[in-house]
Amino acid sequence: METPEPGPADGEERLVELRPRTRSNPEGAEDRRSSTGSLGGNSNPNISQPAVGSRVEGEGEASTSDSPTQQQPTLTTPVPPPAEYQLRVPRVNCPEKVIICLDLSEEMSLPKLESFNGSKTNALNISQKMIEMFVRTKHKIDKRHEFALVVVNDDSLWLSGFTSDPRELCSCLYDLETNVCESFNLEDLLNVIRQKIELPSMDNVQTIPPPYVVRTVLIYSRNAGQLQFNPSEAVSKMLQSPYFFFDVVYLHNGMEEQGDDTSWRDNYTSFCNLDSKGMCYRFEVSLSGPAIELHNCMAKLLAHPLQRPFQSHASYSLLEGEDPQDIEATV
Amino acid sequence: MSPEVALHRISPELRPMLCSVVRDGRVGLDSTNCLRVTDLKTGCTSLTPGPCCDRFKLHIPYAGETLKWDIIFNAQYPELPPDFIFGEDAEFLPEPSELPHLVQWDAGDPECLLQLVKELIQQYHHYQCQRLRESSRLLFEYDSLLEDPNYGRNMEIYAGRKNSWTGEFSARFLLKLPVDFSNIPVYLLKDTALDPGEDVALLSVSFEDAEATQVFPKLFLSPSIEQGVVEYDAEGFTKLTLLLMWKDFCFLVHVDLPLYFPRDQPTLTFQSVYHFTNSGQLYSQVQVSYPYSPRWDGNEMAKRAKAYFKSFIPQFQEGAFANGKL
C-alpha cells in the first residue's frame with residue numbers, strides 16, 4: 001500500500017480515509033485530529049508512546065493521566081467529557097448484572113403499537129417478549145450474565161434477581177399489571193438499585209477489567225410532568241462509576257405538549273443528561289409506532305457495555321447496499 | 001527442565017530470584033506461558049561444592065516466537081547483576097539507563113531479576129518497533145496502532161528478516177486487550193486470529209511475503225461489521241455475536257470458531273430477534289456448511305461472509321415468520 005508523503009491537508013486526509021474507524025478509535029481519527037493535523041488520539045503524548053523505562057511510573061505522568069479520571073463533584077447537569085480523552089475500561093466481556101426496570105404505568109397498556117400483522121398491541125406486551133428475548137439471548141452468549149427485574153409504579157419494587165437463569169426472571173414477567181401512576185421517582189429507583197448492588201472497586205480502571213459490570217435498562221413510558229431528579233451523593237457516585245451503565249428506552253406519545261406541560265423531548269433530554277460519561281445507550285420510540293422499533297431497541301441493547309461502540313457510532317447496516325468503508329487498509 | 005530441578009541446582013544466593021522468575025514469571029494470562037529455564041550451568045570450577053549453577057537460558061514467549069536469552073550471574077559475586085546474551089539478536093543493545101532494575105539492582109529483592117527481564121522485554125519491543133521503520137507500509141500500520149492509548153502500549157511486534165529474494169519485509173503484530181496484570185504484553189493463542197481491524201479483537205496479524213503458507217485471517221474486518229458487534233470472547237476469541245439489520249429487521253448471528261480454525265469453518269447460528277419456537281426457545285438456525293475456504297485471507301473471509309449473510313437472511317426471515325411465534 002502506497003501512502004503519499006504526508007503533505008499538509010491532503011496527505012493527512014488520505015491517511016484518515018485509509019484508517020478505518022475502528023472500535024479503538026470510535027470517534028474516528030478525523031474527529032480527534034488536533035489543530036496540527038496529527039492523528040493523535042490523545043492530547044497527552046506520554047500516553048500514546050509505548051511504555052519506556054521509568055516514564056510509566058513518573059509522578060508527572062501519573063497526575064496528567066489521572067486528571068480525566070477524577071470523579072466529578074455532584075452535579076445535577078453533568079458536563080459531557082472532553083472528546084479527546086475518554087476513560088475507557090478494557091473491552092472485556094466480563095459478566096454483566098443487568099437490572100431490567102419496567103414501567104408499569106397505564107400508558108404501557110394502551111393498545112397503540114402496531115404489531116407485525118397490523119393489529120394493535122400494547123407496550124407491556126411487547127416489553128415482556130423483548131425482555132424474554134434479551135435475557136435468553138444474553139444467557140446464550142454468556143451463562144455468567146445475571147438478571148434482575150424491577151417494576152416501577154409510584155415507587156420501585158425489586159421483584160426478582162439476581163439470577164443467571166432467564167426462566168426465573170421470565171416467570172415474574174407475565175403476571176404484571178399496569179396502573180395509574182402519579183409520579184415517577186427516579187431517585188427512589190436508583191436507590192433501590194444501589195442498595196442491591198455493589199460496584200467493583202476502581203483500581204487501575206484502564207488496565208484491569210472489572211469482575212463484572214452493572215447495567216440498568218429502564219423501559220419507561222410516562223409522558224406527563226417533568227422529570228424531577230436531585231440525586232444524592234451516593235446515587236451520583238453510582239451513576240458516575242465506570243462500571244455502571246444506565247440505558248433507557250423511552251416510549252413517548254410523540255406529541256409536543258401544548259401549554260405548560262413538558263414535552264417528551266425535555267424528559268428525554270433529562271435522561272440523556274444523566275449520562276456524564278457518554279457510555280450509555282438511549283432510545284426514544286413512539287408508543288403509536290410500529291412495534292418492531294421497540295424490539296429493535298432491545299436488540300441493540302444486547303451489546304455488552306464494555307464492547308459496544310459509542311451509540312452515535314453504532315451501525316448495523318452491514319447488509320445494506322455497498323459499503324463505502326469496505327477498506328482493506330490494515331493488511 | 002522443571003522449575004523444581006532448576007531451583008535445586010541454582011546457587012543458593014540466587015535461588016530466590018530464580019524462584020520468582022519460574023514461579024511467578026508470567027508473560028501471559030495463560031499459565032502455560034510461564035517463563036521457562038533451561039541449560040543451567042555453572043561458571044565455577046569443578047572443585048566448587050554444589051549447588052552452584054549461576055547461568056541459564058530463559059525462554060520468553062513473544063509475538064509468536066520464543067526468545068532465548070542467556071542470563072549469566074557469577075556465583076562468587078551473587079550480589080552483582082547478571083549479564084545477558086539476547087540470542088541471535090546481536091543488534092539488540094538496550095540502553096542500561098532505561099532499565100531501572102539494572103541501574104538499581106538489588107540482590108536482596110527476589111523480584112529484581114523478574115522486573116529486569118520485564119524491562120528488557122519492553123526495550124526489546126521498542127527495538128522491534130524501530131526495525132519496522134524499514135518498511136513504510138508496516139510503519140503506517142504500527143503508527144496507527146501506536147496512537148491509540150489502549151493498544152499502543154499493548155503490542156508485540158516481531159520484525160522478521162527481510163526476504164532476500166523479494167526484498168519484502170515480514171513482521172507479526174500481536175495485539176491484545178489491555179488486560180495485563182504484569183505490564184508485559186500478553187501472548188494469546190497464536191493460531192486464532194479474529195481481527196476486526198486494528199482493534200480489540202485482533203490477535204495476530206501476520207504480514208508475510210507472497211509465499212506465505214500460513215493464513216492469519218481477519219474475520220469481520222470491515223468497520224461496519226465491527227460496529228454491529230454485540231459481544232465477543234475477549235480472551236480466546238472463539239466466539240462473537242453480531243447484530244445485523246436488513247430492511248428494518250434485526251438479526252443476530254452468533255459465530256463460533258472451532259479449535260482448528262481456520263482449517264475448520266466457523267459455525268454460524270442465525271437468530272431472530274422477534275420470534276420464539278413453539279417450545280419457547282429462541283428461534284434460531286445453525287449453518288455449518290456455507291461456502292468457505294481456509295485459504296481465504298481475512299478480507300476475503302469477511303467479504304464472503306457478508307455475501308452469504310445477504311443471500312441467506314431473506315430465507316431465514318421467511319422461515320422465522322412462517323414457523324416462529326411472535
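Before we start: a residue is called buried when its relative accessible area is under 20%, exposed when that is over 50%, and partly exposed in between. Keep in mind too that this is a predicted model.

**Exercise 1. Work out what the aromatic pair of Y250(A) and F271(A) connects, and say whether its two members are buried or exposed.**

Step 1: get the geometry. The two rings sit 6.0 Å apart, centre to centre, and their planes make an angle of 75°. Planes over 60 degrees apart count as edge-to-face, so that's the label for Y250(A) and F271(A).

Step 2: find each ring's address. Y250(A) belongs to strand β7, residues 244-252 of chain A, while F271(A) belongs to helix α8, residues 264-273 of the chain. Because one ring is on the strand and the other on the helix, the pair ties together parts 21 residues apart in sequence.

Step 3: check the burial. Y250(A) comes out at 0% relative accessible area, so it's buried. F271(A) is also at 0%, and buried.

Step 4: put it in context. Across all chains, the whole structure holds 34 aromatic pairs. Over in chain B, ring pairs build a cluster whose members include F251(B), F270(B), Y283(B), W296(B) and F316(B).

**Exercise 2. Compare three salt bridges: R136(A) with E132(A), D142(A) with R144(A), and R304(B) with E300(B).**

Step 1: line up the N-to-O distances. R136(A) and E132(A) meet at 2.9 Å. For D142(A) and R144(A), the closest N and O atoms are 2.8 Å apart. For R304(B) and E300(B), that figure is 2.7 Å.

Step 2: look at the helices. R136(A) and E132(A) share helix α4 of chain A (residues 123-141), where they're four residues apart, about one turn. R304(B) and E300(B) are likewise four residues apart, in helix α7 of chain B (residues 298-323), so about one helical turn separates them. Here's the general point: an α-helix has 3.6 residues a turn, so residues three or four places apart point the same way.

Step 3: now add the accessibility. R136(A) is buried at 16%, and E132(A) is buried at 11%. D142(A) is buried at 7%, but its partner R144(A) is partly exposed at 45%. In chain B, R304(B) is partly exposed at 38%, as is E300(B) at 25%.

Step 4: zoom out. The search over all chains turns up 16 salt bridges.

**Exercise 3. Where does the charged end of R308(A) sit, and which residues are linked with R308(A) in a network of salt bridges?**

Step 1: start with the ring. The charged end of R308(A) is over the ring of Y281(A), 4.0 Å from the centre.

Step 2: follow the charges. R308(A) is part of a salt-bridge network together with E96(A), K138(A), R215(A), D247(A) and E231(B). Notice the chain letters: E231(B) is in chain B, while R308(A) is in chain A.

Step 3: for a companion case, try K97(A). It lies over the face of Y212(A), 4.7 Å from the ring centre.

**Exercise 4. Which residues of helix α7 of chain A are buried, and what covers them?**

Step 1: list them. In this helix, residues 233-240, the buried ones are V235(A), S236(A), M238(A), L239(A) and Q240(A).

Step 2: find the cover. It includes α6 (186-196) and β7 of chain A.

Step 3: set that against the chain. Chain A has nine helices and eight strands, and 54% of its 331 residues count as buried.

**Exercise 5. Describe the surroundings of K68(B), then decide where in chain B to read the model with care.**

Step 1: place it. K68(B) is in strand β3, residues 65-72 of chain B, and at 41% relative accessibility it's partly exposed.

Step 2: find its neighbours. Leaving out residues up to four places away in sequence, K68(B) touches K57(B), L58(B), H59(B), I85(B), F86(B) and G87(B). One of these, L58(B), is 10 residues away in sequence, with 5.5 Å between the C-alpha atoms.

Step 3: check confidence. Chain B averages a pLDDT of 74, with 68% of residues scoring at least 70. Residues 28-32 fall below 50, and that stretch has seven contacts beyond near neighbours in sequence. Residues 176-206 of chain B also stay under 50, and there the model has 130 contacts beyond four places in sequence. For the model as a whole, ipTM is 0.70 and pTM is 0.56.

Definitions and conventions:
Residues are numbered from 1 along each chain as its sequence is written. Chains are lettered from A and ligands numbered from 1 in the order in which they are written. This is a predicted model: local features need pLDDT of at least 70, side-chain atom pairs count only at pLDDT 80 or more; totals for chains, interfaces and linings use all residues. Side-chain values use heavy atoms; hydrogens and water are left out. pLDDT is the predictor's confidence in each residue, from 0 to 100. Contact means heavy atoms within 4.5 Å. Rings of Phe, Tyr and Trp (its six-membered ring) pair if their centres lie within 6.5 Å; planes under 30 degrees apart count as stacked, over 60 as edge-to-face and the rest as tilted. Buried means under 20% relative accessible area, exposed over 50%, partly exposed in between (1.4 Å probe, protein chains only). A charge sits over a ring if NZ of Lys or CZ of Arg is within 6 Å of the ring centre and within 35 degrees of the ring normal. A salt bridge is a side-chain nitrogen of Lys or Arg within 4 Å of a carboxyl oxygen of Asp or Glu.
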